[in-house]
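Work through the exercises below with the sequence and the model side by side. Try each task on your own before you read the solution that follows it.

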Amino acid sequence: YSFSQSKSNCGSCPRPALKVLGPSSEELKQGKATVMCLANKGFPSDWSLSWKVDGSGSISWEESRSPVVQENDGLYSWSSTLRLPADHWMKVGSVTCEATQGSHTLVSEPLMRDQCPQS
């Protein structure tokens, strides 16, 4: 790969692979839910991760982001964490992690709550 293209013309840049991990049943028993989105092997480093939460009623959550890590192959990995109370998690239908670059959402990965362990 030659990553010398200008960032504005990076249609061929590697897109990160997303993996979304739902909360564990242990954690739900403690009244909280953490969902992680892992993004691997994207380029350049200006991708951002965001969350879409689809559910019923008012669901509040907080997001935190890890710093970007450059791997040995020159590509970047990073993650974002979504935290919400377990009772709010029970109202969620699905969460989607989206990787955007500039104004474009190029990769998204949904997680359906009913595929996760129940408390």
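The exercises that follow concern a predicted model, and they go from the overall fold to single residues.

**Exercise 1. The overall fold**

Determine how many helices and strands the protein chain has, and in which pattern they follow each other along the sequence.

Solution. Begin by counting the elements: the secondary structure of the protein chain consists of two helices and eight strands. Next, read from the start of the sequence to its end, which gives the pattern β-α-β-β-β-β-β-α-β-β. Then turn to the contacts between residues at least 6 apart in sequence, of which 63% join residues at least 24 apart. Finally, consider the surface: 39% of the 119 residues count as buried, and the accessible surface comes to about 6700 Å², with 48% of it belonging to carbon and sulfur atoms.

**Exercise 2. An open sheet**

Find the order of the strands in the open sheet of three strands, and state which of them are edge strands.

Solution. The order in this open sheet is S3-S7-S8, and the pairing is antiparallel. The edge strands are S3 and S8, since each of them pairs on one side only. Neighbouring strands of the sheet are turned against each other by 20 degrees on average, when direction is ignored. Looking at one pair in detail, we find that S3 and S7 are joined over nine bridges in the antiparallel sense, and that Ser48 stands opposite Thr100 in S7. As a general background to such pairs, strands of a sheet pair through backbone hydrogen bonds, either parallel or antiparallel.

**Exercise 3. The partners of strand S6**

Which strands pair with S6, and over how many bridges does each of them do so?

Solution. Take the partners one at a time.

- S2 pairs with S6 in the antiparallel sense over nine bridges, and Val35 stands opposite Leu82 in S6.
- Strand S4, residues 62-65, pairs with S6 in the antiparallel sense over four bridges, and the bridge partner of Ser64 in S6 is Thr81.
- Strand S5, residues 69-70, pairs with S6 in the antiparallel sense over two bridges, and Val69 stands opposite Ser77 in S6.

S5 and S6 also form a hairpin with five residues between them, and Gly74 in its turn has a positive phi of about 90 degrees. As a last step, look at how covered S6 is: eight of its ten residues are buried.

**Exercise 4. The nonpolar core and Trp51**

Identify the residues with the most contacts inside the largest nonpolar core, and then list what Trp51 touches.

Solution. The largest nonpolar core has 27 residues, and those with the most contacts inside it are Leu18, Val35, Leu49, Trp51, Trp89 and Val95. Several elements each supply at least two residues of this core, among them strand S1 (17-21), strand S6 (76-85) and helix H2 (86-89). Leaving out residues up to four places away in sequence, Trp51 touches a list of residues that includes Val20, Val35, Glu63, Ser80, Leu82 and Val95.

**Exercise 5. A serine in strand S6**

Is Ser80 buried or exposed, and why?

Solution. First locate the residue: Ser80 is found in strand S6. Its relative accessibility is 1%, and because buried means under 20%, Ser80 counts as buried. Then examine its side chain, which is joined to the side chain of Trp51 by a polar contact of 3.0 Å. Beyond its neighbours within four places in sequence, Ser80 is in contact with Val35, Met36, Cys37, Leu49, Trp51, Ser64 and Arg65.

**Exercise 6. Backbone details and a loop**

State where Lys41 and Pro44 lie, and describe the backbone feature of each.

Solution. A general rule helps as a starting point: most residues other than glycine have a negative phi, and most peptide bonds are trans. Lys41 lies in strand S2, and its phi is near 60 degrees, a positive value in a residue other than glycine. Pro44 lies in the loop between S2 and S3, and the peptide bond from Phe43 to Pro44 is cis, with omega near -10 degrees.

To finish, consider Gly102, which is found in the loop between S7 and S8. Gly102 is exposed, with a relative accessible area of 69%. Gly102 and Trp47 are 55 residues apart in sequence, and their C-alpha atoms are 7.5 Å apart in space.

Technical notes:
Residues are numbered from 1 along each chain as its sequence is written. This is a predicted model: local features need pLDDT of at least 70, side-chain atom pairs count only at pLDDT 80 or more; totals for chains, interfaces and linings use all residues. Side-chain values use heavy atoms; hydrogens and water are left out. A nonpolar core is a set of buried Ala, Val, Leu, Ile, Met, Phe, Trp, Tyr and Cys residues joined through side-chain atoms within 4.5 Å. Buried means under 20% relative accessible area, exposed over 50%, partly exposed in between (1.4 Å probe, protein chains only). Contact means heavy atoms within 4.5 Å. Accessible areas come from the Shrake-Rupley method with a 1.4 Å probe; for residues, only the protein chains shown count as cover. A polar contact is a pair of N or O atoms within 3.5 Å; within protein, one must be able to donate a hydrogen and the other to accept it, and residues adjacent in sequence count only if both atoms are side-chain atoms. Two strands pair if DSSP finds at least two bridges between them. Axes are lines fitted to C-alpha atoms, for helices over the stretch in contact, and angles run from 0 to 180 degrees between N-to-C directions.
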